[in-house]
Amino acid sequence: MRNIMLLRALWCAFAGFEALSHAAQVPILSHTGPRLGDTTSIDEAPERGRLSSFDRPHYPTGGLPAEENHDPFADWRLDDPPSVNSTGHLLFETVSSLLQHWPNTRMRNGHNIVPGMIPTGTLLYHGTWHPELPPGPDWAAFDSEHSAIFCGGLVEGGECWHLTLMTTRPLNIVYFDGTSAAKLPSGTLDSQDIITWGDVRPDLSFDEWNRITTLCDWGREYNIDGFVRMEMSFEVMLCNFTSGVRVVSFPNIVDPVMPRNASSGFSPTFEVMYAGSRHNRYPGETRVRLDLSGLVSFYDTELVPSLVSVRFGKERWDHRLLNISTEDVVRVRARLEEALSSPAHSSSGIDWQALIRVVVDRYSERLEFVQYLLNSTETNGYNADSVMDDAIKTQGQLRNMLMPYIGLDVVPLLNGTSVKGMASGMLDWAHPVYKFCATTHTSLLREHTVTSSEKLLLDAVQGTMREICRVVTKMWALGVSAGMDQFMDTDRVPDVGTTQNVMNMWKKDINELMAWLDWNAWVKCRPECGPEEMCYLTTWPVGFPPPHNRARIPPPDDGDVPPLPSQSAPDHAPVPTATPFPWRGGTPTGKLAEDWRRPQPRCIRRIDPYDLGDL
């Protein structure tokens, strides 16, 4: 009878724990999220709920209001998920992915602009069909495989001049994340458009010459030497090939582009893909150093509120900057210009990238393992021993994640509790564990943050930690309440029926948490690729639809956003780029990949005969 009562109580306590659709965004109508039992639909403004990390005002310490004469755990309810307007977890993941090829290939529409530098002594490469230095701005690669494909294949005689440069001082750069060198009208160039043209211009996706000259004109005031982007690998739009760099060598090398009738015609392309794959995971492209204290993010809902409604109902794949308001464009450009004008050492000195990596490294594999344990068991079967064994193993993993935060004074309040009382607040005893877990990494950082970007990063870490700890604490406490934790002294004896129901709740919780976090650490080839293969995501331009038309030079804009200097008197005559397309016959798209819109990991061959996997 006691087990039946416990089962009913568990269902009463958690039947209302309906998770939000974390992938969707809704307009900011009220900075709140639904609570237990809310019946508000996704397109209605919820009337109650706590503020998300990005909706919350900047409080003086710890990111929480001063606690005066009220329950210190009132803001730490385990049935209180983030607001559907929250974007802190999206900023957390995109910052965690900066300068890494894999995540920026998967989610190709970038949302961050970050100042940085290329250190002294770094080699850069440039391929061309003539032995002269570029007289003005042009493109350079960080990997020689990338630059070499641009130097031959179009000129009779196959001349292929390959320039190697070395930086003689730190080069000041601005980095656009995402696949920001992909000439696509679907969002990859949006953040550059905001700085270049003052608006998103999909019709100018192939106007690379005016893009680079306009950006360099704009950056001159801030001593910017170049702009770092990514396609098959990383590149820098270098503004001056005689400032801050010296020539190491400039030989005429063997044409790397294979003849059209060669059996391995895509081999140079695959070598570039492989070079880019060396930067797939953290730390990514190490020859660029970013200053996160100057980060500007389009996921900042205070800086760019107009995009909240634009993202409404869309999955993260489809987030872009189209339809951003003029006022938001002005604020973004002003924030970036402020960051570029700030004196050196004007930040707190906090290593934000390291802090974010600590969180990812600690929780990514553990959460994935919990999901594996839960998905490997058929909880609706009647194999009692298997169900109980996997439940105890899962409870142990949950406890391991929370171990530093479970104090001796944390005691389950279950003995003698009636079913009604247990259902109304059966997990309140776990609130201190939740709060301790969520605030340990950040509770003392607020007083040290200096710039707006640092406050934004702190909110992102706080919001992400809060949701991880909320869900993990809830799952662990539920297991304790059901008698599955061997370290907590309760009078509960777990039975198969109760355990099955707890594990079903666990599955729902862990799947929704991981979908909300959407960490690229969990995107991989399964099973792992063989020694002659590499794990691959469809990468522009291979497998993409061919461009239908080329862009024009933008006319001057008479709107509220002033045109940049090179826009004031546009020359409508065609301006040839110094860098040709690297393949004979134009850009090879190959066979259209089924997943070109939403790339999925698959294994492809690294050696002849090359392939592009299952297209």
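**Surface, cores and confidence**

Me: What area does the chain expose, and which atoms supply 53% of it?
Reply: The chain exposes about 26,000 Å², and 53% of this comes from carbon and sulfur atoms. The model is a predicted one.

Me: What makes a residue count as buried, and what share of the 615 residues does?
Reply: A residue is buried when its relative accessible area is under 20%. Of the 615 residues in the chain, 55% count as buried, so each of these falls under that cut-off.

Me: Why is the set of 82 residues called a nonpolar core?
Reply: The set has that name because its members are buried residues of the listed nonpolar kinds, joined through side-chain atoms within 4.5 Å. Tyr363, Leu367, Trp476, Trp506 and Trp519 have the most contacts inside this core, the largest one. Helix H14, residues 452-481, gives the most to it, with 15 residues. Apart from it lies another core of 28 residues, including Ile113, Trp139, Trp218 and Val304.

Me: How do you know that Leu367 touches Met401?
Reply: A contact needs heavy atoms within 4.5 Å. Leu367 touches Met401, so the two have heavy atoms within that limit. Leaving out residues up to four places away in sequence, Leu367 also touches Val472, Ile510, Leu513, Met514, Leu517 and Trp522.

Me: What makes residues 1-68 a stretch of low pLDDT?
Reply: The scale runs from 0 to 100, and residues 1-68 stay under 50. Residues 549-588 are also below 50. Over the chain the average is 82, with 76% of the residues scoring at least 70.

Conventions: Residues are numbered from 1 along each chain as its sequence is written. This is a predicted model: local features need pLDDT of at least 70, side-chain atom pairs count only at pLDDT 80 or more; totals for chains, interfaces and linings use all residues. Side-chain values use heavy atoms; hydrogens and water are left out. Buried means under 20% relative accessible area, exposed over 50%, partly exposed in between (1.4 Å probe, protein chains only). Accessible areas come from the Shrake-Rupley method with a 1.4 Å probe; for residues, only the protein chains shown count as cover. Helices (H or I, at least four residues) and strands (E, at least two) are DSSP runs, numbered from the N terminus. pLDDT is the predictor's confidence in each residue, from 0 to 100.
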